[in-house]
Amino acid sequence: MNVINAWNPAQNPAQTPAARSLLLRRSLLGNAMFSTLTGLVSLLAAAPLAKTLGIPDPTFLAVLGSQLLVFAGFLVWLATRTAPQPGLVWTVIVLDIVWVAGSVALLPFVADFMTDLGLVSMGLTALVVASFAVGQTLGVKRIEPA
């Protein structure tokens, strides 16, 4: 076995399926925890959060919060499967990428009414979501057949 095979669990047949899926499971569960926290805060504190971030209608945050909680539940379900289905994981990755791209695309349109804290929050959230997409991509590649 060469050094590359030892480093890359997908190329190391001695690695157990559980070990190969560890990065994927951790990325999915991290995404679920972040989505749960963001969803709860958005849902339970929609009005004060909307004012702080400069979002005109707190209903937007309440709806977003409830959707994030559903998404988080799906992520937990997916991460705890014996063998996470790569097709479903790729769907999550695409949704995360769409979130990041949407955030970037919206910035010019919301910059006039969102507060500086709101814009920074939007950017940092996009970076966190992008990091989950990267971890999930690396993780799913480890479990997919070569």
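Phenylalanine 34 sits at 23% relative accessibility, so it counts as partly exposed; the cut-off for buried is under 20%. Bear in mind that this is a predicted model, so every value here is computed from predicted atoms. The ring partner of phenylalanine 34 is phenylalanine 132, which falls on the other side of that cut-off: with a relative accessible area of 15%, phenylalanine 132 is buried.

How are the two rings arranged? Phenylalanine 34 and phenylalanine 132 make a tilted aromatic pair, with 6.2 Å from centre to centre and 45° between the planes. Phenylalanine 34 belongs to helix α3 and phenylalanine 132 to helix α7 (residues 116-143), so this pair ties together parts that lie 98 residues apart in sequence.

The count of aromatic pairs comes to 2, so there's another one to look at. Phenylalanine 74 and tryptophan 77 form a stacked pair, 6.0 Å centre to centre with 25° between the planes. The label is stacked because the planes are under 30 degrees apart. Here the partners share a helix: they're 3 residues apart in helix α5 (residues 58-79), so about one helical turn separates phenylalanine 74 from tryptophan 77. As for exposure, phenylalanine 74 is partly exposed at a relative accessible area of 29%, and tryptophan 77 is partly exposed too, at 38%.

Now swing over to helix α6 (residues 86-110), where you'll find tryptophan 99. Its relative accessible area is 31%, which makes tryptophan 99 partly exposed. What does tryptophan 99 touch, leaving aside residues up to four places away in sequence? The answer is Leu64, Thr125 and Val129. There's a backbone approach as well: the C-alpha atoms of tryptophan 99 and alanine 126 are 7.1 Å apart in space, while the two residues are 27 apart in sequence.

Back on helix α3, which spans residues 22-44, have a look at leucine 44. Is leucine 44 buried or exposed? With a relative accessible area of 70%, leucine 44 is exposed. Together with Leu40 and Leu43, Leu44 makes a nonpolar surface patch of about 280 Å².

Finally, a word on confidence. The chain has a mean pLDDT of 91, and 90% of its residues reach 70 or more. Residues 1-6 are another story, with pLDDT below 50; beyond near neighbours in sequence, that stretch has 6 contacts in the model.

Technical notes:
Residues are numbered from 1 along each chain as its sequence is written. This is a predicted model: local features need pLDDT of at least 70, side-chain atom pairs count only at pLDDT 80 or more; totals for chains, interfaces and linings use all residues. Side-chain values use heavy atoms; hydrogens and water are left out. pLDDT is the predictor's confidence in each residue, from 0 to 100. Contact means heavy atoms within 4.5 Å. Patches are made of residues with over 30% relative accessible area and no salt bridge: like charges are joined within 9 Å, nonpolar side chains (Val, Leu, Ile, Met, Phe, Trp, Tyr) within 5 Å. Accessible areas come from the Shrake-Rupley method with a 1.4 Å probe; for residues, only the protein chains shown count as cover. A salt bridge is a side-chain nitrogen of Lys or Arg within 4 Å of a carboxyl oxygen of Asp or Glu. Helices (H or I, at least four residues) and strands (E, at least two) are DSSP runs, numbered from the N terminus. Buried means under 20% relative accessible area, exposed over 50%, partly exposed in between (1.4 Å probe, protein chains only). Rings of Phe, Tyr and Trp (its six-membered ring) pair if their centres lie within 6.5 Å; planes under 30 degrees apart count as stacked, over 60 as edge-to-face and the rest as tilted.
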